[in-house]
Amino acid sequence: IRRPPRSTPSNSSAASDVYKRQALTYDNRASLTPGVVAELFGPRLKGSATRLGTFAACPYKHFARYTLELKPRREFKLEPLDLGRFYHEVLDALHKRLAADGQNFATVADERLMELLREEIADLTAGNTFMAHFIARSDHNAFVISSAAEVLEDCVREIAQMVRAGAFRPVVSEVGFGDVREAEQNLGTFELALPGGRVLVVNGKIDRLDVAEIGGKKAALIFDYKRTRSAAHFDWPKLYHGLDMQLPLYVLAVCDAGASYADRAVGAFCMPIEHSPESVSFEGLAKQADRFGRKANGFFDGEYSQQLDPQAGAYWSQFYNFTVTKGDVQYGRYATSGALRPGDFKAVLQYVRDKVTALAGEMVAGRVDVHPYRLARQAACAHCDYRAVCRFDWQVNEYRILESKGKLDVVGEGLRQ
């Protein structure tokens, strides 16, 4: 808080006017000096999809979280069960169990798959002290775990159905790249050159990597599990503005560092674990029961559509977000489909590579201004932990208004670059 100097009666009115004008025109803009930047970042900057997205959302939020390392005040309360983490741990354990036996989701019968899944859930709940106490605390908690187990059973059945439909097979789960200590397996280092001789070291962890041998080359698909269907939505406008570049960053990481598993990555998808029921008429109930409920959303090189889902038809693939039409074949409804023509697929990756470099360049340039985005009805300030620190006031300050862009905009920018 800036305190004005003591004023004499002769200049108090003028000083008051000056401070009023400063208060009314204050825009929350600030930057770090080159000396401070050099001390904070050095020649090697660590980054991730989350960190880059935070900076794109608001430079000050990035500064508060990653530089000042501010954390919300801890409150004494019972911590709820993190179901998302529970789901990930069980699916990872199941994949490793199958791999140890030389099997995968496509080669094991559903009955045996359910047996293995229940064994892994039992091992996790018995071996984890927090989980064991959580279940023993009340019948309600035991019901929560039982319900989560049923969700996983449905999810694993649909994963197996999806894998069996195509040519790609799971080869590794929870594999890291860069400096990710909690990952048992690591692809290697993924680095991008920045202006001024600096290097951005990108870190991350891939939930599942599937591989198919096609034409003598190994092609990889990346899967990222999300708890809900809304979280598994692939958002082209957010990708365009750098707010969510997770999937294309993972593709770039596999292309650069994943030679031990595949020759190239050809796509990436988010897949929901939970399937929320939809409203349906009584007559349509039977049809709804047979519908695949966990469609994967993402982007991929359309030349591999047959290896993903050879049965895809005019009403969209039941497993992935693309459709086959008579005129455009696998590139039907191109503006909203996840399928990309090979040249456009490369353009998207180039766009993301350049976007990452630009955002990291702004970080090391010292940008820490309070300038949150607003995209349609979404804003960076929603659920932000640092609102009490930045003091952003939408009635005085201005949001950074972002224009909604789509798939074709990203492709067009990538081709120009």
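The largest cavity in this predicted model is lined by Cys58, Tyr60, Lys61, Val370, Pro372, Ala380, Cys381, Cys384, Tyr386, Arg387, Cys390 and Phe392. Two elements, α4 (59-67) and α14 (387-390), each give two or more residues to that lining. Its volume comes out at about 90 Å³, and a search of the whole structure turns up 3 cavities of 30 Å³ or more. Here's the rundown on the cavities, then on the aromatic rings.

**Cavities**

- Sorted by class, the lining of the largest cavity has 10 nonpolar residues, no polar ones and 2 charged ones.
- Lys61 and Arg387 are both part of that lining, and Lys and Arg count as charged.
- Next comes the second largest cavity, with a volume of about 60 Å³.
- Around the second largest cavity sit Met162, Val163, Gly166, Ala167, Phe168, Arg208, Asp210, Leu221, Phe223, Gln307, Leu308 and Tyr320.
- For this second lining, the elements giving two or more residues are α8 (139-165), β5 (199-214), β6 (217-226) and α12 (305-308).
- The class split for the second largest cavity is 8 nonpolar, 2 polar and 2 charged residues.

**Aromatic pairs and a cluster**

- Searching the whole structure gives 15 aromatic pairs.
- Take phenylalanine 86 and tyrosine 87: their ring centres are 6.2 Å apart and their planes meet at 50°, so this pair counts as tilted.
- The label follows because planes under 30 degrees apart would be stacked and those over 60 edge-to-face, with the rest called tilted.
- Is phenylalanine 86 buried or exposed? With a relative accessibility of 2%, phenylalanine 86 counts as buried.
- Its partner tyrosine 87 is buried too, at a relative accessible area of 1%.
- One aromatic cluster is made up of Phe223, Phe269, Phe300, Tyr320 and Phe322.
- Phe223 and Tyr320 belong to that cluster and also help line the second largest cavity.

**Charges over rings**

- Which residue has its charged end over the ring of tyrosine 334? That's lysine 407, sitting 3.7 Å from the ring centre.
- Arginine 341 lies over the face of tyrosine 331, and here the distance to the ring centre is 5.1 Å.

Notes. Residues are numbered from 1 along each chain as its sequence is written. This is a predicted model: local features need pLDDT of at least 70, side-chain atom pairs count only at pLDDT 80 or more; totals for chains, interfaces and linings use all residues. Side-chain values use heavy atoms; hydrogens and water are left out. Rings of Phe, Tyr and Trp (its six-membered ring) pair if their centres lie within 6.5 Å; planes under 30 degrees apart count as stacked, over 60 as edge-to-face and the rest as tilted. Buried means under 20% relative accessible area, exposed over 50%, partly exposed in between (1.4 Å probe, protein chains only). A charge sits over a ring if NZ of Lys or CZ of Arg is within 6 Å of the ring centre and within 35 degrees of the ring normal. On a 1 Å grid over the protein atoms alone, a cavity is a set of points where a 1.4 Å probe fits but cannot get out, and a pocket is an open set with protein on both sides within 12 Å along at least five of seven lines; lining residues have an atom within 4 Å of a point. Grid points are joined across faces, edges and corners, and a volume is the space filled by probe spheres set on the points. Helices (H or I, at least four residues) and strands (E, at least two) are DSSP runs, numbered from the N terminus.
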